[in-house]
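Trainee: Could we go through this model element by element? I would like each answer to end on the value or name I ask for.

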Amino acid sequence: MSGVNPGAVGTAASQGRVSCHQCLKLSDKTETKCGLCGARLHSRIPDSRERTIALTLTGALLYLPANALPIMTTIQLGDPTESTILGGILLLLHHGEYPIAGVIFVASVMVPIAKLLALGWLSWSIAGSRGIAHHQRTRLYRMTELIGKWSMTDVFVVAVLVALIQLGGLLEIRPGPAAVAFGVMVVVTMFAAESFDPRLIWDQEGPGDG
Amino acid sequence: MAEVNKAQVSEKKRTSPVWIVPAVALLIGLWMLVDAYRSQGPLVEIQFPTASGIEPGKTKVKVLDVEVGEVSSVTLGEDLKSVVATARLDKEAEPLLREDTQFWVVTARFGVQGISGISTILSGGYIQLAPGEAPGERRAFVGLPEPPVTPAGTPGLKIELVGDEAGSIVAGDPVLHKGYPVGRIESAKLDVGTETMRYAVFIEAEYESLVTSATRFWNASGFTFNATADGIQLEAGSMMTLLMGGVSFGEPAGMRPGQSVTDGMSFKLYPDYPSVNRAPHREVVEYVLRFEQSIRGLSEGASVEYRGIPVGRVEDILIEDVSMAGAGEPIPVLITLQPGRLFLSDDAAGVAQLRKAVSNSVTLGMRASLATGSLLTGKKYVSLDMRSHVPRQSEGTYKGRPTIPTLTSGLDGLEVQVSELLQKINEMPLEEFVVSATSLLDDVGGLMGDPAVKQLPASLAGTLAALEQTLGSLSSDSALQEQLQITLEELGRSLVSVRLLADTLNEQPNSLLFTQERRPDPVPPEGSR
């Protein structure tokens, strides 16, 4: 593994050092504040696993109403039509708009679910001594952090439609309660990814494991 | 750095406050679920003939234009001939679901009564719920094919009109009192069994008291033209009823005040106002008159009058019976007499009273005859009157109906009498009479020409002079006069005793032979009354 052996290198914590969250300056772990920027020093993000689990759970809870409730209401000539995320995808498929259906499916269904599953699995895997496939887990974490925010596409689409399509009595689009749930879900999962400390993956690699 | 600033490296083992976030999310979620479950109202099934205008997930259920539910699914009914719309209603709407709750689909409608449901052109139809009031609850309903004119539960009076012809009356037409709309025709239906039109009528609560058992309804639509025994009549309603049709009601003059009516009471619908006045009463008694004369001029609806007072009308001329009858058979005419006209009560008791009165009157000489009512139109009416010098007759029956004996009268009667008179005159030996009269006159002429006759006046004068002399001797103070006076008195007394004798002989003829026995006067026995 091209010399990236944690056992051989050792972590800052194993060396009795603490890295500053803000300026990344290494300090002694006995220090409470960073000598350079004055930020509080923690060896790892405090309650990282707990926070990640809690926020992921919140995201999972919010994902239910986000799919069950209508994300937007189209009022066409006074005749309201409510559509859920899945309903919209099915409608697009029905009309043969496969690319758009695919994009929405990926952004609104696949990515959030994958993200929730990934965070859940990562949080679960860093507990105890399930130290396997550290590299894959780290890569998974990076992907989660990277693509997570793109789930907001759906919320943006609704926001743009609501703002643009206001044709008086002819056509009007209003956001549904699912938009709020979905938006909050995306934000919460982003926080969950943020609060996850990937170094915990490597902490499982005991000094004598190598 | 001072020792105090050194961090105590620790492995924290306490619950992070971040758990509040999922807890809050969970609580909100649970609350929403509970709220949704609790506010979930009843599920109702409404059967419609067609699903036109009903879309699951879109069509709302409304009460007074307030949304109370939504159609969740539309399926074919079990008989595959109707559709069943399942709607989820709000919890607040639950008390509205009663036995008599009505549902119908509101779509745009264009009719004589105006245009309704314009808003549904753009938004699509909705299901209107008319709250019921019946005590029983219900969850499965049969939707109305058309909106009811008056929703269930509207305060007011619901009665029924029974008419012979549909005329121009359709559901939604106004019901007028003195020309002012106070109600509506709710539905019109042809009763196949009795071949009558049945109208459901709704009178607004405010005007409920105007309808009593004495109220009569008539068709106020269009105009009517009538030529009857009363003359020619043209009746026209208001412009509205002329265009739309409608029903008027009121109390005919001279009606006894009626009792208040209850829902579901049935009234007769008269074709026009004059016919109301002709026969405003509910109860009628049928009689058959058998006329032995032409009934020309007597039409259905002609009045039957007793000494000029209208008491009934001619219902029918039983033509079919005429054709069946042999030549010269009397023509049966069906009439009805109305107890109400005779100030008897308009019910079964009045009917019985009238029957009895007619029966008595017929025995005493009441006869029916035809009379001419209007010389202009030649229309006739039936006149009932007491006749003297008629053969004693009583009520008969004709095909199960009582009959009143008739007299041939009017021009026909006159004709008969004149022809009889002429017959008699014809039968008289006029020619012989003339011949003998001529010879008589000839004889008289000859007699007058006799010289003896010519001398007659002279001898007559002599005779008169002698008579004068004789009469002079008979003057009041003459002896002859006195003698005569005495003789006459004597004669008077004798006559009295003769009369006494005659009386005695009359009573007791045997008194000539036997002596008279005086018997005590008869006394009636006591104690028997």
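Trainee: In what order do the three strands of the open sheet in chain A lie?
Mentor: This is a predicted model, in which local features need pLDDT of at least 70, side-chain atom pairs count only at pLDDT 80 or more, and totals for chains, interfaces and linings use all residues. Residues are numbered from 1 along each chain as its sequence is written, with chains lettered from A and ligands numbered from 1 in the order in which they are written. Strands (E, at least two residues) and helices (H or I, at least four) are DSSP runs numbered from the N terminus, and two strands pair if DSSP finds at least two bridges between them. The pairing in this open sheet is antiparallel, and the order is β4-β3-β5 of chain A.

Trainee: Which are the edge strands of that sheet?
Mentor: An edge strand here pairs on one side only. That applies to β4 (79-83) and β5 (171-175) of chain A.

Trainee: Which residue of β5(A) stands opposite A:Ile75?
Mentor: Strand β3 (residues 72-76) of chain A pairs with β5(A) in the antiparallel sense, over five bridges. Opposite A:Ile75, in β5(A), stands A:Glu172.

Trainee: Which element gives the largest share of the largest nonpolar core?
Mentor: A nonpolar core is a set of buried Ala, Val, Leu, Ile, Met, Phe, Trp, Tyr and Cys residues joined through C-beta atoms within 7 Å. Buried means that 20 or more other C-beta atoms lie within 10 Å of the residue's own, exposed means 12 or fewer, and partly exposed lies in between, with C-beta atoms placed from the backbone. The largest core has 41 residues, and A:Leu62, A:Phe182 and A:Met185 have the most contacts inside it. Elements giving two or more residues include α2 (48-68) of chain A and α1 (20-38) of chain B, but the largest share, 10 residues, comes from α7(A).

Trainee: Which residues does A:Met185 touch, not counting those up to four places away in sequence?
Mentor: Two residues are in contact if their C-beta atoms, placed from the backbone, lie within 7 Å. With residues up to four places away left out, A:Met185 touches A:Gly59, A:Leu62, A:Tyr63, A:Ala66 and A:Pro112.

Trainee: Why are the buried residues of α6(B) on the same side of the helix?
Mentor: Helix α6 (residues 348-363) of chain B buries B:Gly350, B:Leu354, B:Val358 and B:Val362. They are on the same side of α6(B) because they cover an arc, taken from the directions from the helix axis to the C-beta atoms, of only 100°.

Trainee: Which exposed residues does the opposite face of α6(B) carry?
Mentor: The buried residues of α6(B) are covered by elements including β19 (285-291) and β22 (331-337) of chain B. The face turned away from that buried side carries B:Ala348, B:Ala349, B:Lys356, B:Asn360 and B:Thr363.

Trainee: What is the phi of B:Leu80?
Mentor: B:Leu80 lies in the loop between β3 (66-76) and β4 (83-90) of chain B. The residue is exposed, with 7 other C-beta atoms within 10 Å. Although B:Leu80 is not a glycine, its phi is positive, about 60°.

Trainee: And what is the phi of B:Glu195?
Mentor: The loop between β12 (180-191) and β13 (196-204) of chain B holds B:Glu195. B:Glu195 is exposed, with 8 other C-beta atoms within 10 Å. Its phi is positive in a residue other than glycine, near 55°.
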